Amino acid sequence: MELKPWVLGPGLSLMLCDSQPCAFSLTGLCLNSLTILSFCKTPELRTPTHLLVLSLALADSGISLNALVAATSSLLRVPHRRWPYGSNGCQAHGFQGFVTALASICSSAAIAWGRYHHYCSRSQLAWNTAISLVICVWLSSAFWAALPLLGWGHYDYEPLGTCCTLDYSRGDRNFTSFLFTMAFFNFFVPLFITFISYRLMEQKLRKTGHLQVNTTLPARTLLFGWGPYALLYLYATIADVSSISPKLQMVPALVAKTVPTINAINYALGGEMVHRGIWQCLSPQGSGLDRAR
């Protein structure tokens, strides 16, 4: 696998390691790590519903970690800023990033369905149901991410050459068939489930006046966070993607880096119980109470 030559404008090679994208990656990693820690240390959070939030936090932590690896790789190869880990490292980086991205999207849909089940059926989500959902999300994500390693689809360097992702530059039948099949099951179906679940929940809870959940942000996060990637990939199936400048091609990746932070704020910091669990992990008094117990 050869690194594609890209003509970069002045300072464009620094784009991926710009302070804002790196700050979003670090913020997303820290916030989601706190969510994971609070789930492990706070017994009140160990519920089936919060298990779905834990799955999302694990996926978003993986996305942020993937972005930080890409940022670090660009620093290791100054002044050329090219991927330093070779072809096998590129495949591993692309696979890990794709697994966590798909798991994040599908975990958001699982949370939406779980909330609909909880608020509209007035019955607690069962442990076996939550565990089955989490296993299904991660096995499905790993399955789809492994297909490019087996020949359906292909991982390659992104335009700036500092990280790896699904190769959309070819635009051939192999890529097109994989893209449409993967996008249907891993973007449009989860987006539909998320939108419908919150829509039905909003219609029912507005009548009782007990609407305590943000019913618009999750679907918007999926659409605006991952939609630019979908548009770029769809464009690559009908036109020559090289007509788009490398700078514009990197916009979807930069937008996607904000998703872990938004999810952490919405699902963890926005939830009273998880918020309280995070505060207990950070508070010395909370830690002292845990040791006393």
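User: How much space lies in the second largest pocket?
Analyst: Happy to help, and please keep in mind that this is a predicted model. Rolling a probe the size of a water molecule over the atoms shows where empty space is left. For the second largest pocket, that space comes to about 230 Å³.

User: Which elements give two or more residues to the lining of the second largest pocket?
Analyst: Let's begin with the residues themselves: the lining includes Cys106, Trp113, Leu133, Val137, Phe185 and Ile193. Elements that supply two or more lining residues are helix 3 (86-121), helix 4 (127-150) and helix 5 (173-208).

User: How do the residues of that lining divide into nonpolar, polar and charged?
Analyst: Ala109, Ala110, Val189 and Pro190 are among the lining residues, and Ala, Val and Pro count as nonpolar. Ser140 also lines the pocket, and Ser counts as polar. For the lining of the second largest pocket, the division is 11 nonpolar, one polar and no charged.

User: Phe185 lines that pocket; which kind of aromatic pair do Phe184 and Phe185 form?
Analyst: A search of the whole structure finds 12 aromatic pairs. In the pair of Phe184 and Phe185, the ring centres are 5.0 Å apart and the planes meet at 85°. Planes over 60 degrees apart fall in one named class, so the pair of Phe184 and Phe185 is edge-to-face.

User: Are Phe184 and Phe185 buried, partly exposed or exposed?
Analyst: Phe184 has a relative accessibility of 46%, and Phe185 has 45%. The class in between runs from 20% to 50%, so Phe184 and Phe185 both count as partly exposed.

User: What kind of aromatic pair do Trp226 and Tyr229 form?
Analyst: Trp226 and Tyr229 lie three residues apart in helix 6 (residues 217-238), about one turn of the helix. An α-helix has 3.6 residues a turn, so residues three or four places apart point the same way. The ring centres of Trp226 and Tyr229 are 6.3 Å apart, with 15° between the planes. Planes under 30 degrees apart set the class, so this pair is stacked.

User: Are Trp226 and Tyr229 buried or exposed?
Analyst: The cut-off to use here is 20% relative accessible area. Trp226 has 8% and Tyr229 has 14%. Because each value falls under that cut-off, Trp226 and Tyr229 are both buried.

User: Which residue follows helix 4?
Analyst: Helix 4 has 24 residues and reaches 34 Å from its first C-alpha to its last, close to the 34 Å expected. Its buried residues include Ala130, Trp144 and Pro148. After the helix comes a residue whose phi is positive, near 115°, and that residue is Gly151.

Notes:
Residues numbered from 1 in each chain as written. Predicted model: local features only at pLDDT ≥ 70, side-chain atom pairs only at ≥ 80, totals over all residues. Heavy atoms only, no water. 1 Å grid on protein atoms, 1.4 Å probe; cavity = no way out; pocket = protein on both sides within 12 Å on 5 of 7 lines; lining within 4 Å. Points joined across faces, edges and corners; volume = space filled by probe spheres on them. Helix = DSSP H or I, 4+ residues; strand = E, 2+ residues; numbered from the N terminus. Phe/Tyr/Trp six-rings, centres within 6.5 Å; stacked < 30°, edge-to-face > 60°. Buried < 20%, exposed > 50% of the residue type's maximum accessible area, 1.4 Å probe, protein only. Expected span 1.5 Å × (residues − 1).
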